[in-house]
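Reader: I have a model open in front of me and would like some help in reading its features. Could we go through it step by step?

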Amino acid sequence: MLPPMLRLVVWRVAVGAMTLLALSTLIFGATQALPGDAAVQILGTHATAEQIVALRTTLGLDRPVIVQYAAWLTGILHGDFGNSLTGGQSVATLIAPHLFASAMLLLFSFTTAVPLALLLGIWSAVKRDQLFDHVCSGALLVFASLPEFVIGIGLVVVFATTLLRLFPPVSLLSPEDPIGEQLRYLVLPVATLVVASTPYVARMMRASMIEVLDSDYIAMARLNGIDERTIVFNYAIRNAIPASIQVIALTLIYLAGGIVVVEAVFNYPGIGVAFIDAVRYRDLPTVQCLSLMIGAVYVLTNLLADIAVILCTPRLRTQW
Amino acid sequence: MTARRQVLQGMGCTALALATGACQQGRPPTPERGAGPRKGGRLRIGELGSSADTLDAARFITDADHLRALQLFDGLTETDERLRIRMGLAEEMTAESATQWLIRLKPDLHFHHGKAVTADDVMFSIRRIIDPKNPYQGSQGLAMIDAHRMQKLDERTVRLTLTKPNAFLPEEFSQIWNPIVPLDFDPRTNPVGTGPYRYKRFTPGSRSLFTRNTGYWREAPHFDEIAVIDFNDDTARLNALIGGEIDVMPSPPHAQLQIARAAPGITICNLPSTAWEPFCLRADVEPFRDVRVRQALRLIPDRPQFVSQVYNGNARLGNDLFGASDVDYADLLPQRMQDIDQAKSLLRAAGHPDLEVEIVTASVSPTLVQAAEVYAEQAKSAGVTVRVRRIDPAAFFGSGFLKRPFSQDSWGVFPLMPVISLTLLPGAGDNETGWNDAETLRLIDAARATADPAARKDLMMELQRLLYDRGGYIIPALINQLSFFSDKVAGLPEPGSDGVDFNFQYRKLWFAA
Amino acid sequence: MVTARDSPVTEKPRPALVRLLREAVRLRRCKIGLVFSLLALAVALIGPFAAPYSPTAFVAAPFAMPSAQVPLGADYLGRDVLSRFLCGGLSLLLIAVPATVLGVGLGTVLGISTAMFKGIFAEASLRMLDVLLAFPQVVLSLLFITLLGPRPWLLIGVVALAHFPQSTRVLKGAAAEVVERDFVKAAQIIGMPSHRIVFQELLPNVGGQLLVELGLRFTYSIGIIAALSFLGFGRQPPHPDWGLMVSENKVALLFQPWGTVLPVIAVAVLTVGVNLVADAIGRVTARIQVRTPAP
């Protein structure tokens, strides 16, 4: 039999794969298997009979649902996401440049938000109930309540239009311009994503850190006379690593979730904007492809985080 | 700077300058610029593009395509800024008889790749457009040219034989969708023409680059290069203009006028003109098949309110007729205004007292969606419910185009007959009102067969009267040509000029600073 | 010997909840939150009756600056910003409230059921719900909207669906903790029917967390629905709607910001206010639980 840790990892991977499969079913069901004629919905009430028939054939709507689903699934496993209904080109070529743009946005946001969240969380836990903690917690509470587009517009008003004129309020991203020129356009979208995602995870980090600081292990260390500084930096933080991993994973998840609205605020040409346009113009294949990708990011991130936690935690608390 | 311009600016009234048309700097005038045109520089134009863009002038649809076509190609004839027809590549185009025309090219004309422009190229260009297996937009206007009986008289001269008379051949050839291209022309691999700029690079939806044609057949253009850069939206375009990353922003949203006036370094060109963005009712489907329904819907718009809410005052009242700058335009027909009572009684008589319709719109121009929304609001008072359905602008001119019962379109400034050829003939490339009317066809044929301009004008008047009474277009406004330029660009129309069409004539401009 | 009269089983649940709320209100953050929330709710609910013009009427030039005629200027079609703002909050509430109640309600039902009746069915249903968690809520909503279009009943449904798994988890956790307590076990032993146990023992004791969950979910509902409106999938033009107003008038942010700034402020005030109240209740609940450990 495999060692228990490996068994857990294998089980988590299996769960991840099953979740992905369930996800694909959900996506397919929500877009193609609903009652009513998808072709009529897409083309509008005044479409001619030939147009409707043509679309039904393209989407394969004239076949039983199971067959459609199987065909779609096999296509995806071969990397074929079908062709866009609005432009006709393959979905893959359509979204490739968008993927790159969003990846850049996520990268910058991630590398800013994670250290920020960890620092804020740990520091406000260490300085619990002091002024810093109160101010920080209050601010985090306020920012955590605000929807992303509110934060985005707020930042635009403050930094790009009304109060100060530091940064451009929309995005201009072209593969031909040098990267340095384009960084300016990333500042506000990245800032929005960071401000939108950090509060949740910072508060989580704070709570976990407080738990660690209140634990028996730390109490013993204090009783043994070890100074507070060493306790915090050597013992507490080390024990907060599993929590940190969860925080890192969650940050990525929140960022991926917020990307749709934030890109819309700045008209940043990433997959969020591509997704919204696909929904707006009922481009089913593109909607399916992008939702699957976003869902896969979620599942994968959760999976990796769970595995990392398993590997890091010496005492495994298994639930079965 | 002319004294007149200084006086106007000294009076500090931008509004006055705008009322007399042409271009006005938003801020106090910069120091004296150089006297005449200077060569050099790359003019960067910001447009809203998509991957559906094309370099094939014979097939263009969007503003950006039109822009590019005017740089790359010329026609046998052309229109000037007052929309009068004059010779272009041709030095002569005369009717030898009702059905025979002589076209002679100017001497020493060359394409971008050096080859001389000959009669063979002219015949090839015409054949390409009217090819019944793959007709282009201009085919209906040129269809009466017999492709098999074209005669090459010499290297520069062609005799055309027509199956039916068409006195409007010069008008038809004046439009850029009937360009003169060489025998080896291919829009994708060899987009060669005679225009002021030649093709260098083109990525649909992204960028295109054109370089000066040093062998241009008239005064050489001043810019070394012209680049067209595609943007996501209008705010990005304006920011790029203000930030100095582009030099020209054609067709901005009217709402941006206020920002442009306050921003440094921007010249605003706001030209009273007759561009039109019609509502198109398909007269061959229900419920618009009934002429009373069409007439009712034309009585609905509160036209002055339309002008103020959609175009922010930068337009004049439209009278449901196009070609308003043409010499043959029926400007004596009474201006149609709103009449809700009459509209309601017409709808009742037609059996549609509570009419519900869906209009298909898209942001192919900055004002199209607003126009649909304002019309929908105004329609409420007549008991008509208009549902506004927005679709993808890239798909607007796709396969569904011409098939929608109630839709819109966005046209620039054109002479009357070429637009008639595109829109009112059955099978025409832009027959968006589903028009197939015997009387219309009779009048068109008669006008085309009439050599005497006065008699021809009478027939055109009769035709327009017919369209005014029962056509399928609703044209509430005649729209100004609006463009923003960087202050560095010179050669723009002076205030007080009475032109109506300066769009995309970039060969006449230069960088002052 | 504990008599039937003295046992906590017969203790009336009401005063505990009221006491909880009273204690919460004492917190400063709750006071601020209540002021914010009530202010925003007042605008949303009473606003339509106070609007000087019809929200769809054309009253000035597009993006006209504030004047006597249009105190906060005009929007992109020349309609009064103030009137559209006053009328634009109601549609938000009409979707957010039912969506929250539905989502949390279903979550409570499933959460308590799985806490009380453990077994393979419970585990399976929870696992299936986890699939829904593998999606950002906005993406999940847009997925269903693609084909069916932005209809009100669909919006209520998908937003409730987005809340459902989280609420289930929270309520299951809260209920599971209570289920382990002696007085519940005692009730089960003496044969009290399950539904009575739920209503008399479980619900009152998870009341605090339920309120917190409702408050939090309401904040998220407002956020999601306002975001969907901003993207153009909520109330359709020409109807006034805060989210829609933000995107419609965004182009004029440089010189006529009120069409965008006003609804943004309103949404911000509402979400922050409700969140503060929910947070206050949450703190008090935690405090009470700490103070009165399980008997």
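Reader: Let me begin with the outside: how much of the accessible surface of chain B belongs to carbon and sulfur atoms?

Author: Happy to help, and please keep in mind that this is a predicted model. Carbon and sulfur atoms hold 51% of the accessible surface of chain B, which comes to about 18,900 Å². For chain A, the share is 67% of about 15,300 Å².

Reader: And what are the numbers of positive and negative side chains in chain B?

Author: Chain B carries 58 positive and 63 negative side chains. The centres of these two sets lie 2 Å apart.

Reader: Now the fold. How many helices and strands does chain B have, and how many does chain A have?

Author: In chain B there are 16 helices and 22 strands. The radius of gyration of chain B is 23 Å, close to the 24 Å from the globule rule for 513 residues, so chain B is as compact as a globular protein of that length. Along the principal axes, the C-alpha atoms of chain B fill a box of roughly 65 × 60 × 40 Å. Chain A, by contrast, has 13 helices and 0 strands.

Reader: What part of each of these chains is buried?

Author: Buried here means under 20% relative accessible area. By that cut-off, 58% of the 513 residues in chain B are buried, and 47% of the 320 residues in chain A.

Reader: How should I read the contacts along the sequence in chain B?

Author: Take the contacts between residues at least 6 apart in sequence, and ask what share joins residues at least 24 apart. In chain B that share is 72%. Chain A also gives 72% for residues 24 or more positions apart, among contacts with a separation of 6 or more.

Reader: Which residues have the most contacts inside the largest nonpolar core?

Author: The general idea is that nonpolar side chains tend to be buried together in soluble globular proteins. Here the largest nonpolar core has 111 residues, and A:Phe149, A:Val260, C:Leu142 and C:Leu231 have the most contacts inside it. Helix α11 of chain C, residues 258-291, gives the most to this core, with 10 residues. Have a look at C:Leu142: leaving aside residues up to four places away in sequence, C:Leu142 touches A:Val260, A:Phe275 and A:Val279, together with C:Leu228, C:Leu231 and C:Phe233. Another core, of 62 residues, lies apart from the largest one, and includes B:Ala57, B:Ala330, B:Leu422 and B:Ala447.

Methods: Residues numbered from 1 in each chain as written. Chains lettered and ligands numbered in written order. Predicted model: local features only at pLDDT ≥ 70, side-chain atom pairs only at ≥ 80, totals over all residues. Heavy atoms only, no water. Helix = DSSP H or I, 4+ residues; strand = E, 2+ residues; numbered from the N terminus. Rg over C-alpha atoms; globule rule 2.2 N^0.38 Å. Buried < 20%, exposed > 50% of the residue type's maximum accessible area, 1.4 Å probe, protein only. Contact = heavy atoms within 4.5 Å. Areas by Shrake-Rupley, 256 points an atom, 1.4 Å probe, with all protein chains shown as cover. Lys, Arg positive; Asp, Glu negative; His and termini not counted. Charge placed at Lys NZ, Arg CZ, Asp CG, Glu CD. Core = buried A, V, L, I, M, F, W, Y, C linked by side-chain atoms within 4.5 Å.
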